[in-house]
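I opened this notebook to record a few things looked up in one model. The entries below follow the order of looking.

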Amino acid sequence: MERAQGVFGGPKVELHVHLDGAIRPETILYFGKKRGIPLPGNTVEELLKYISYDTPLSLPEFLEKFNYYMPAIAGDREAVKRIAYEFVETKAKEGVTYVEVRYSPHFLANAGVTPIPWGQAEGDLTPDEVVQLVNQGLKEGERDFHIKARSILCCMRHMPSWSPEVVELCKKYQNDSVVAVDLAGDETLKVEDYSEHKKAYEEAERCGIHRTVHAGEAGPAAMVKEAVCVLKAERVGHGYHVLEDPELYKQLLKIQMHFEVCPWSSYLTGACSPDFTKHPVIQFKKDCANYSLNTDDPLIFNSTIDTDYGIVKEYMGFTEEEFKRVNINAARSSFLPEQEKQELLSELYEAYGMVPNAS
C-alpha cells in the first residue's frame, strides 16, 4: 500500500485524534442515504461546506459541527465498525505506525444512554456494544493495513453521569484495544457535578487504567493543574495555556509530562494566537518538552497529519531531528504495555537510523 512520504518520511506516532472527528465524508453520505437521515449536502463538497472550515471559530462553535453528521453514524452497527476500520486505513496511508484514537462510546450509542444523543429515537445499540464494534473495526484494520491501533474512551465534561460507565468499559476492555480514559468536551463549561469525573478517574487510577485529560486548550493553566493534580492525568490533551503559569510549567517539564499538541486544531478552535510564529509549541520545542504532533479532528479541519507537520516545519523551524525526537517521545508516552512500547521504540530507532536512547 502507498505510504505517504510527505513532510517527514519516517514512521509517525499519533496520540490525539477523535474517531468521530475523523470519519470519511463519503461514509457519512452513504449512511445518511441508507438510513434516510437528512444531511446538509448530497456530495462531499456540499457536505464539507457545512462540516469543515479553515478560519478560526470558538471551541463551542467547533463542537456544533458534529450535530450535522453524527446522526448519520450513531446508533448503526455497520457504521460504527466501518468508521473504525476506515480510520486505520487512513492512518496507514499517512505513514502512521501506531495510533491511539479516542471517542465517547455514549455518543455512538442509541440505547442505555440518557439523554439519547443527536436526537435519535431509542434503539438497541448500547455503549458497551459500541466499544466491541470499534475494537473489531480497529483489529481488522490492523490486520489489513499493518499498523497498530488502540483506543481511548472519553468521558464528557457536560455529562458527568456517563463517566462511571466509561471507566467500567475501560476496565472490561483493558487488554482488548482500549488503553486509557480521557475527559473531553468544552472546558469553559461549569460542570454541576464534577465529583463524578473525579470518582471515575480515581477508579481508573486504582485499576491501573491510563489517564489523559483535555486541558489548557480553551481553558486557563488552572485546568492543566487540575488535570494533573486532581485527576492524576499522565498526559495532557493540548495544554497550551500551561505557559501562563511558569511555576506549573516548570514542574511539568521536570516530570516530563506529555502534551498532546495539535497545531492546526489550536488555530481553528481559537485556542492559540493565529500567528504560528508565536505558538506555544515553539516554547515546548525550545525547552525540549515532552510532546507529540496530532491532527485532533481531521474531518472538520479538512486536514491530514501532514498539515500539522507542514505548519511546524514552515512556521516553527522544525527539522528532521525534531520530528524524530517528537515521535520517539510520543512512543515513550504511549499507553501501550511496556513490552509493546519497547517494540515500537525499536521500530522507530531502526527506521530513523538512530541508536536507542541517543535522543
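I took buried as under 20% relative accessible area, exposed as over 50%, and partly exposed as in between, with a 1.4 Å probe and protein chains only. This is a predicted model, so I kept to its rules: local features need pLDDT of at least 70, side-chain atom pairs count only at pLDDT 80 or more, and totals for chains, interfaces and linings use all residues. Residues are numbered from 1 along each chain as its sequence is written, and side-chain values use heavy atoms, with hydrogens and water left out.

Entry one, Glu 129. With a relative accessible area of 21%, Glu 129 counts as partly exposed. I found Glu 129 in helix H6, residues 127-145, where helices are DSSP runs of H or I of at least four residues, numbered from the N terminus. Leaving aside neighbours within four places in sequence, I listed Arg 77 and Asp 124 as the contacts of Glu 129, a contact being heavy atoms within 4.5 Å.

Entry two, the core. I looked up the largest nonpolar core, which has 119 residues, and noted that Ile 28, Tyr 69, Val 181, Phe 259, Tyr 291, Ile 300 and Phe 318 touch the most other members. Helix H5 (residues 77-93) gives the most to this core, with seven residues. Such a core is a set of buried Ala, Val, Leu, Ile, Met, Phe, Trp, Tyr and Cys residues joined through side-chain atoms within 4.5 Å. Not counting residues up to four places away in sequence, I saw that Ile 28 touches Ile 23, Leu 39, Leu 47, Ile 51, Tyr 69, Ala 72, Ile 73 and Leu 299.

Methods:
Helices (H or I, at least four residues) and strands (E, at least two) are DSSP runs, numbered from the N terminus.
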